Amino acid sequence: MNAASGMPDPTRTLFIPVILGTVRQGRRSLAAARLVTSELSRRPGIETELIDIARVPLPVDDAGEAIKDPGFASQMERADALVIVSPEYNHGYSGLLKHLLDSCLKEYIHKAVGVVGVSAGPFGGTRSIENLLPVLRELGLVTIFWDVNFSSVQTVFDESGALRDDAYLVRIDKFLKELVWMAKTLRHGREHVALDE
Ligand SMILES: Cc1cc2nc3c(=O)[nH]c(=O)nc-3n(C[C@H](O)[C@H](O)[C@H](O)COP(=O)(O)O)c2cc1C
C-alpha cells in the first residue's frame, strides 16, 4: 500500500520461488530451473529463489501436513506465485514433487502458479503438466494459461547447462509476464477483496 495515496503499490516486490520437482541424479530439469530462476531474477520488482526438493527434509514414512517442513512452509507463505519445474516421468509428474506439495495447503490459497514441463521426448512434459493441473487447483493455487515446454531437453542445454536455443527466452518471457500479472492481481485480491463480499 502506498501510504500517501492509500492505493495499492503495484511496484512492491513480488516473491516468486521456483520449485525444482525432481531429486533424480543427473536431472536435466536443473538446467531448466536455473534458467527460469535467472530470467525471473532479471525482472524488476521480483525476488526469487530456487527450491530444490532434494534439499527439503521430508520424511517418507508419513504424508500430508503432518510432515510440513517449516522452511518450505514459510517460503510458500511468503510466495505471491510459484513456478514448478516438472519433468515427465511415465507420462506423469514426479512422486516426490506431489509429496512435497501435499505438505502444505493454506499457504498456497489464491496464489498464482505456472508450470515448466521437461521431457526427453517430443512433447515437452505436456502430459506431466496436464496431470499436475488438477492437483494444483485442489491446493488452491490459480494456474496461468501459459506453460514452458522443454522437449528433447538433452539437446536444449549443453554439458555446462548453458542454453543452446534462444527461442526459449522469448517463450519464458511471455510465460513470466502472464505469471507476474496473475501474481499482482491475486495479491490485490487477497489484500483487498473479501471472500463473501
Ligand atoms: C522414471 C522415468 C520415466 C520417464 N518417462 C518419460 C516419459 O514418459 N516421457 C518422456 O518424454 N520422458 C520420460 N523420461 C525422461 C525424462 O523426461 C528425462 O529424464 C528428462 O531429462 C526430464 O527428467 P530429468 O529432470 O530427471 O532429467 C522418464 C525418465 C524417468 C527417470
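In this predicted model, arginine 28 meets the ligand through its backbone: one of its backbone N or O atoms sits 2.8 Å from a ligand oxygen. Arginine 24 goes about things with its side chain, where an N or O atom comes to 2.6 Å from an oxygen atom of the ligand. On the ligand's nitrogen side of the story there is asparagine 90, with a backbone N or O atom 2.7 Å from a nitrogen atom of the ligand. Around the ligand there are 15 residues, and Arg24, Arg28, Ser29, Tyr89 and Asn90 are the closest of them.

Asparagine 90 is worth a second look. It belongs to the loop that runs between strand 5 (81-87) and helix 3 (95-101), and its phi is positive, at about 50 degrees, even though it is not a glycine. With a relative accessible area of 80%, asparagine 90 counts as exposed, since anything over 50% does. Histidine 91 sits in the loop between strand 5 and helix 3 as well. Histidine 91 too has a positive phi, here about 65 degrees, without being a glycine. Its relative accessible area is 44%, so histidine 91 is partly exposed, falling between the 20% and 50% cut-offs.

Back to Ser29, one of the closest residues to the ligand: this serine is also among the buried residues of helix 1, which covers residues 29-41. Of the 13 residues in helix 1, 10 are buried, so the rest of the structure largely encloses this helix. The buried set is made up of Ser29, Leu30, Ala31, Ala32, Ala33, Leu35, Val36, Thr37, Glu39 and Leu40. As for length, 13 residues at 1.5 Å a residue should give helix 1 a span of 18 Å, and the end C-alpha atoms are indeed 18 Å apart, so the two figures agree.

Helix 1 also turns up at the largest pocket, where it gives the most to the lining, with three residues. That pocket holds about 160 Å³ of space. Its lining includes Arg27, Arg28, Leu30, Ala31 and Arg34, along with Val153, Phe157, Asp158, Glu159, Ser160 and Gly161. By residue type, the lining splits into five charged, four nonpolar and two polar residues. Arg28 thus appears twice in this account: it lines the largest pocket, and its backbone has an N or O atom 2.8 Å from a ligand oxygen. Leu30 and Ala31 also take on two roles, as lining residues of the largest pocket and as buried members of helix 1.

Definitions and conventions:
Residues numbered from 1 in each chain as written. Predicted model: local features only at pLDDT ≥ 70, side-chain atom pairs only at ≥ 80, totals over all residues. Heavy atoms only, no water. 1 Å grid on protein atoms, 1.4 Å probe; cavity = no way out; pocket = protein on both sides within 12 Å on 5 of 7 lines; lining within 4 Å. Points joined across faces, edges and corners; volume = space filled by probe spheres on them. Helix = DSSP H or I, 4+ residues; strand = E, 2+ residues; numbered from the N terminus. Nonpolar A, V, L, I, M, F, W, Y, C, P; charged D, E, K, R; others polar. Expected span 1.5 Å × (residues − 1). Buried < 20%, exposed > 50% of the residue type's maximum accessible area, 1.4 Å probe, protein only. Near = heavy atom within 4 Å. Polar contact = N/O pair within 3.5 Å; in protein donor to acceptor, adjacent residues only side chain to side chain.
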